[in-house]
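Here is a short report on one molecular structure. Please look over the sequence and the 3D view before reading on.

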Amino acid sequence: MATATAPNPYKLTAAQQKFYHENGYLLGLPPIYTRQEMAQLNAELPNLLALLKPDETTKDIREWHETSTYLYDICMNPKILDLVEGILGPNFYCWASNFFIKDPRSMSTVGWHQDSYYWPMTPNNSVTVWLAFDDVDEVNGGMKLIPGSHKGGIIKHRRSTETNSVLTLELEDGSDFKADSAVQFRLKAGECSLHDDRAIHGSQANPSDRRRAGLTIRYSGTNVKNDMAVNPNFKIYLCRGVDEFKHNPYGTPPTQRYGRPSFKPVSNEEAGRG
Ligand SMILES: O=C(O)CCC(=O)C(=O)O
């Protein structure tokens, strides 16, 4: 007699896919890491932080999945890849990872923006996984997103007037959206959200005494091509399927647990990165 196998909870249902395509985000997903696994990942984090140069901040831990198996293994976690496959389909790659860490009582904010405004990539077919390293909510500056805003086209961004903003560009409330329609993201450590590269999102300061750390991981369909003249360090790691397009250069998987890329980091605008 055939034994029934339990359904894979990371394989998105048709209802979840529909919600994502209508709203530009997805929450309520099963945890990627247990609390114990998350505690282990958090315990290892200081080894990465120790590689930062004196004039750098945690924001500069960008693309270190190329040189740290600690991060590469997270980016290639099959549970995360199953979720992403439910959005992008069978053929996709990973190309970016970076931390957004707000320490307790940090005034750091992330102005309203659309990721794709920063990225020299066409067409728009990218998903961000925001993996919570801490419990994250409205009290410690969790992310907010305007549902359906991914359908409104790319809105012109202005230079940020907010001195504590992590990003250099932002959207003005009222330009083409209402900030009060935003959904507050709440995640437990080890859980993740998904969002579309055109969805308007941002986050406020963290006045609480709890840290708010998340790792963003960016995935794109193999049809997406990066403009190497704008972001010359761009490298892809095929996660699933086949690369029928061969638009982009490949990176080599790392071999050491903690390491930083040797290329000289360029500014957000130079790299076309948010
Ligand atoms: O962590 C945040 O507050 C913002 C993250 C973000 O802008 C992104 O994931 O694109």
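What follows covers the ligand and its shell, then a sheet, then a pocket.

**The ligand and its shell**

This is a predicted model. In it, 13 residues surround the ligand. The closest are Asp115, Trp130, His201, Ser203 and Arg212.

By class, the shell holds four nonpolar residues, six polar ones and three charged ones. Several strands bring residues to it. S3 (110-113), S5 (126-132), S11 (201-203) and S12 (212-221) each supply at least two residues. The largest share is from S12, with three residues.

Some side chains come within polar-contact range of the ligand. The table lists the distances from a polar atom (N or O) of each side chain to an oxygen atom of the ligand.

| Residue | Distance to a ligand oxygen atom |
|---|---|
| Aspartate 115 | 2.9 Å |
| Histidine 201 | 2.9 Å |
| Arginine 218 | 3.0 Å |

How much of the ligand's accessible area does the protein cover? On its own, the ligand has 290 Å² of accessible area, and the protein covers 99% of it.

Two of the residues in the table can be placed further. Aspartate 115 is among the residues closest to the ligand, and its polar side-chain atom lies 2.9 Å from a ligand oxygen atom. Histidine 201 is also among the closest, with a side-chain N or O atom 2.9 Å from a ligand oxygen atom.

**The sheet**

Two of the strands that supply the shell, S3 and S11, also belong to a sheet. This sheet is open and has four strands. Their order is S3-S11-S6-S9, and the pairing is antiparallel. Why do S3 and S9 each have one side without a neighbour in the sheet? S3 and S9 (183-184) stand at the edges and have a single partner strand each, so one side of each is left without a neighbour.

S3 and S11 are joined by two bridges, in the antiparallel sense. Valine 110 has serine 203, in S11, as its bridge partner. Ser203 is also one of the residues closest to the ligand.

**The second largest pocket**

Now to another part of the model. The second largest pocket holds about 270 Å³ of space. Its lining is made up of 18 residues. Thr58, Lys59, Ile101, Lys102 and Asp103 lie nearest the centre of this pocket.

Which elements supply at least two residues of this lining? Helix H2 (35-49) and strand S2 (92-102) each do. By class, the lining divides into eight nonpolar, five polar and five charged residues.

Definitions and conventions
Residues are numbered from 1 along each chain as its sequence is written. This is a predicted model: local features need pLDDT of at least 70, side-chain atom pairs count only at pLDDT 80 or more; totals for chains, interfaces and linings use all residues. Side-chain values use heavy atoms; hydrogens and water are left out. A residue is near a molecule or strand if one of its heavy atoms lies within 4 Å of it. A polar contact is a pair of N or O atoms within 3.5 Å; within protein, one must be able to donate a hydrogen and the other to accept it, and residues adjacent in sequence count only if both atoms are side-chain atoms. Accessible areas come from the Shrake-Rupley method with a 1.4 Å probe; for residues, only the protein chains shown count as cover. Ala, Val, Leu, Ile, Met, Phe, Trp, Tyr, Cys and Pro count as nonpolar, Asp, Glu, Lys and Arg as charged, and the others, Gly among them, as polar. On a 1 Å grid over the protein atoms alone, a cavity is a set of points where a 1.4 Å probe fits but cannot get out, and a pocket is an open set with protein on both sides within 12 Å along at least five of seven lines; lining residues have an atom within 4 Å of a point. Grid points are joined across faces, edges and corners, and a volume is the space filled by probe spheres set on the points. Two strands pair if DSSP finds at least two bridges between them.
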